[in-house]
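User: Please take a close look at one part of this chain and set out what surrounds it. I would like a single connected account, with the cut-offs stated for each term.

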Amino acid sequence: MTRVNRALVAAAAAIGMSTGAVALIPTVMNASTTVSPVMSGTDVASLYNAAQLQFRRGEVPLGLNALRKLLAADPSDTDALALQAIWSNYSGDSRLSQAALTALGTYDGPLQVRVRDALAGIDRGVVIGPNPVPGLHAKGTGIVVLGAGLNADGTPTDETASRLFAVWTQAIVAFESPVIISGGAAVGAHRDADVMRTWLVDHGIAATRIHVDSAAATVAQSAVGSAGIFAKLGLADVVVVTSPDQVRRAAADLFVAGVPVVSATTSTRELIGNLAVPAKVDQRTIYVDVTDILGLPSDRLQPPVLTAA
C-alpha cells in the first residue's frame, strides 16, 4: 500500500467509513453559504396564523419573530413580507420595514405599492384631529359618518345621537355635500345606518343626498364600504364624522381604503382627551385594520376578510 493510500484509509477510519466510501466524503461548504430550513406547508401556515393571532393580541415582538422563522423557510411569502413591513413600521424598525418592502417588490409589485401607500395613509390619518366645528365644503367633498349602535328598542344610543347631531350640522353647513352613512349594527329589524338615515331625513336633509352602507360591522369594513360609494359618486375627498376617540382611526382607515380625508367633525364628548396625536404604541388597532383592508388573511385556512380597491 502506497503512502497516499495509507493516508486515505486513515481518513476513512477517522470518520467511521470503509475504504470504499472515501470518495463519498462531502465537500466542505464555503463559510458564506446559507441553507434555508426545510419546513412543510402546514408548518408555514401555522407560523403565519400564530403571527397574525399575536399581532391581534398585542404581542407584536412574538408575531415578528414568527414571521422571521417563516421567511427563513420561504423568503417569497408575500403575505408574510407585507405583514413584516407593516408591523416593523409599527415597532419603529424602519430598516426592517423597508427591507421587507424591497423584498416584497421582487415578488409582488402591486402589493408592495399598496402596503407602502397604506403606511403613508396611517401617517396622514392620525394627524386628522377631532373638531366640533363644521366646515364649509363644496359638493365634491362628501361626508362619511360611522354608526355607533342602537338601544334595545331600536333607537339611537347616546353616542349615535351625538354623531347624528354632528353630521347634521356638517350637512347643513356643507349643503351640497353627499352624506355616506356606514353602520351594520342591528337590533331586530333595525340597522343603525337605516335609523340614522331616517333621522337625518326627518330633520331636513334631502334623502337624495344620503347614501347608506348597512353591511359594515367594524371601522375597517366601514372604510371599505364607504370607499365603494365614494368611487361611485366620483368624490374628491371626505369629511369624517365620528366620536373624538375614533376620529384618527377612522381617518387612517379611509386613507388606506383610498378615500382622502380633509377634516373631521365630531361631538364634544371626551374631546379634550383626544386632541393629541397618539403614540405608535396606541395605534395598534389601526395597524390591525390595515391588514384587513389590504385583504391579508388572518388565517391561512380562511379567505381574506376584506379587499379594498
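Analyst: Contact, or touching, means here that heavy atoms lie within 4.5 Å. The model is predicted, so local features need pLDDT of at least 70 and side-chain atom pairs count only at pLDDT 80 or more, whereas totals for chains, interfaces and linings use all residues. Residues are numbered from 1 along each chain as its sequence is written, and side-chain values use heavy atoms, with hydrogens and water left out.

The part chosen is helix 4, residues 78-90. Helices (H or I, at least four residues) and strands (E, at least two) are DSSP runs numbered from the N terminus. By this count the protein chain has 11 helices and seven strands. Of its 309 residues, 44% are buried; buried means under 20% relative accessible area, exposed means over 50%, and partly exposed lies in between, with a 1.4 Å probe and protein chains only. Among contacts between residues at least 6 apart in sequence, 70% join residues at least 24 apart.

The length of helix 4 comes first. The expected span of a helix is 1.5 Å times one less than its number of residues. For the 13 residues of helix 4 this gives 18 Å, and the end C-alpha atoms are 18 Å apart, which agrees.

At the start of helix 4, a side-chain oxygen of Asp-77 comes within 3.3 Å of the backbone nitrogen of Asp-79. A polar contact is a pair of N or O atoms within 3.5 Å; within protein, one must be able to donate a hydrogen and the other to accept it, and residues adjacent in sequence count only if both atoms are side-chain atoms. After helix 4 comes Gly-92, which has a positive phi, near 85°. Gly-92 belongs to the loop between helix 4 and helix 5 and counts as exposed because its relative accessibility is 61%. Its C-alpha atom is separated by 9.6 Å from that of Val-281, 189 residues away along the chain.

Helix 4 itself is largely enclosed by the rest of the structure, because 11 of its 13 residues are buried. Among these buried residues are Asp-79, Ala-82, Leu-83, Ile-86, Trp-87 and Tyr-90. The buried residues pack against helix 2 (41-57), helix 3 (60-73), helix 5, helix 6 and helix 11 (284-293).

Ile-86 shows this packing in detail. It is found in helix 4 and is buried, with a relative accessible area of 0%. Leaving aside neighbours within four places in sequence, Ile-86 is in contact with Val-115, Leu-119, Tyr-287, Val-290, Thr-291, Leu-294 and Leu-296. Ile-86 and Tyr-287 are 201 residues apart in sequence, yet their C-alpha atoms are 7.2 Å apart.

Leu-296, in the segment after helix 11, also meets helix 4. Leu-296 counts as buried, at 2% relative accessibility. Not counting residues up to four places away in sequence, Leu-296 touches Tyr-48, Gln-52, Asp-79, Ala-82, Leu-83, Ile-86 and Thr-291. The C-alpha atoms of Leu-296 and Asp-79 are 6.3 Å apart, although the two residues are 217 apart in sequence.

Two of the helices that pack against helix 4, helix 5 and helix 6, also pair with each other. In general, two packed helices are described by the angle and the distance between their axes. Axes here are lines fitted to C-alpha atoms, for helices over the stretch in contact, and angles run from 0 to 180 degrees between N-to-C directions. The axes of helix 5 (residues 94-107) and helix 6 (residues 109-125) come within 6 Å and cross at roughly 150°. Angles under 35 degrees count as roughly parallel, over 145 as roughly antiparallel, 65 to 115 as roughly perpendicular and the rest as oblique. Helix 5 and helix 6 are therefore roughly antiparallel to each other. Ser-97, Leu-101, Thr-102, Leu-104, Gly-105 and Tyr-107 of helix 5 meet Gly-109, Leu-111, Gln-112, Val-115, Arg-116 and Leu-119 of helix 6. By class, this contact has six nonpolar, five polar and one charged residues. Ala, Val, Leu, Ile, Met, Phe, Trp, Tyr, Cys and Pro count as nonpolar, Asp, Glu, Lys and Arg as charged, and the others, Gly among them, as polar. Val-115 and Leu-119 also appear among the contacts of Ile-86, which brings the account back to helix 4.
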